[in-house]
Amino acid sequence: MTANHPEYDIAERVAPPPGCPAHGSSTETVYRLHDAGIQADLVGTYEKLRAEYGPVAPVLVHGDLPAWLVLGHRENLEILRTPSVYSRDSRHWRDMAEGRVPADHPLAPVTTWQPLCVFVDGEEHKRLRGAVTDSLGRFESRGIRRHVTRFTDQLVDEFAATGRADLVSQFAAQLPLRVITQLFGMPEEYGPRLAEAVQDVLNGTQTAVASNEFITETLQQLVARKRAHPGHDFPSKLIEHPANLSDDEIREHLRLILAAANETTVNLIANALRMVLTDPRFRAHLTGGHMTLPDALEQIMWDEPPMMTLLGRWAASDTHLGEQAIKAGDMLLLGLRAANADPAIRPDPTAPVHGNRSHLAFSSGPHECPGQHIGRAIADTAVDTLLTRLPDLQLAVPETELQWKTSLMYRNLVALPVQFTPSRG
């Protein structure tokens, strides 16, 4: 497990610069969320911030840029459901407008405005989001589950005879994009290469630019192919939608689905498997029929949502939130995991929340994840099929040796080593 870093409790709290939301506060200090030590225990840091500031806390992100971290469940909902005040349009961001967010800034890829449904509000959002939602809605969970079962069997076949595997690198990280390529109407062999390229871009490696070019070219060719030969697939549904999306709009929304669906679904599968392998009561409830896998996933999305922090919203006007004065142009970070743990709605964090879908794992409001039914179908079918194939699956290391990689947006399980009785079929 990730070790706590108490030496950063005070040392990495710094006086906020002029213009920071925290400047002039009683404490005159704020946390740098981009510091490696702070990121090693973001969960603990968020709770310290809640204790000190309440549901809305001043923080600094990369480049010591100021932001508000929203920790309260009610406050997150208020932001998510009020786009007229808390806009998704990053052109409102004062620091970006004034040139303090260069092209190579770590947050630039996820905050630079693009003509996508996730960066617009109002009528343009309805047009673009409507096309995406309607097109994704054309795919039934039954058909998705068939793809998941087939690819799960293929992946398990690759390591079943060894009796050991890493369920992150060899399973969870491989499965979602293989399924997505089928929804995109792409040849099966594209799956592994596309999965590798998407991970490369998200990780920002030295080959990320080349991987991004590969993704762009692949999707551009896909759109052209589907215009000439449409089928029952997501690109074809976008093409035929009455919103009349351009080729560029279609390509970029395909890219958006690739990235968003992959990272979150990989985390959901990995977190579900970790819970099954490390919590005897959880596994007993599943095997004893006291809990269904969909119920189990809801519990996991409360406790370990696929995305930890959502970037971002930008204040379109001066307002107040959680007793903090928000100025027009301020950036707000939505602490989804912290909101799920808000004592105001979960006074007893150990109490089961089976069947309760008021968590914020998929956000809420007009920008709520449009493909969440697909993510749920992939995750619960994958876990169910894997446990059926390998019923005596066990963790191969002590739980305390499991490690996490944490960033502002995600908390990823690095590896999940398991052992089981070797099988050839």
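Let's start with a pair of short strands: β6 and strand β14 (residues 417–419) run antiparallel and are joined over three bridges. Keep in mind that this is a predicted model. Within that pair, Arg164 sits opposite Gln419 in β14. Zoom out a little and you find an open sheet of three strands, ordered β6-β14-β11, with antiparallel pairing. Its edges are β6 (164–166) and β11 (394–395), each of which pairs on one side only.

Now jump back in the sequence to strand β4 (residues 65–70). Six of its six residues are buried, so β4 is largely enclosed by the rest of the structure. In a regular strand, side chains alternate between the two faces of the sheet. Here both faces are covered: Leu65, Ala67 and Leu69 are buried on one side, and Pro66, Trp68 and Val70 are buried on the other.

What does β4 pair with? Strand β3 (residues 56–61) is one partner, antiparallel over six bridges, with Val56 standing opposite Val70. The hairpin of β3 and β4 has three residues between the strands, and Gly63 there takes a positive phi near 75°. Strand β10 (residues 331–334) also pairs with β4, running parallel and joined by three bridges. Val70 turns up again here, with Leu334 as its bridge partner in β10.

Finally, some helix packing. Helix α7 (residues 122–136) packs against helix α14 (residues 247–278) at an angle of about 65°, with the axes 12 Å apart, and the crossing is right-handed. On the α7 side the contact uses Glu124, Arg127, Leu128, Val132 and Leu136, while α14 brings Glu249, His253 and Ile257. By type, that makes four nonpolar, one polar and three charged residues.

Technical notes: Residues are numbered from 1 along each chain as its sequence is written. This is a predicted model: local features need pLDDT of at least 70, side-chain atom pairs count only at pLDDT 80 or more; totals for chains, interfaces and linings use all residues. Side-chain values use heavy atoms; hydrogens and water are left out. Axes are lines fitted to C-alpha atoms, for helices over the stretch in contact, and angles run from 0 to 180 degrees between N-to-C directions. Helices (H or I, at least four residues) and strands (E, at least two) are DSSP runs, numbered from the N terminus. A crossing is left-handed if the near helix is turned anticlockwise from the far one by less than a right angle, and right-handed if clockwise. Contact means heavy atoms within 4.5 Å. Ala, Val, Leu, Ile, Met, Phe, Trp, Tyr, Cys and Pro count as nonpolar, Asp, Glu, Lys and Arg as charged, and the others, Gly among them, as polar. Two strands pair if DSSP finds at least two bridges between them. Buried means under 20% relative accessible area, exposed over 50%, partly exposed in between (1.4 Å probe, protein chains only).
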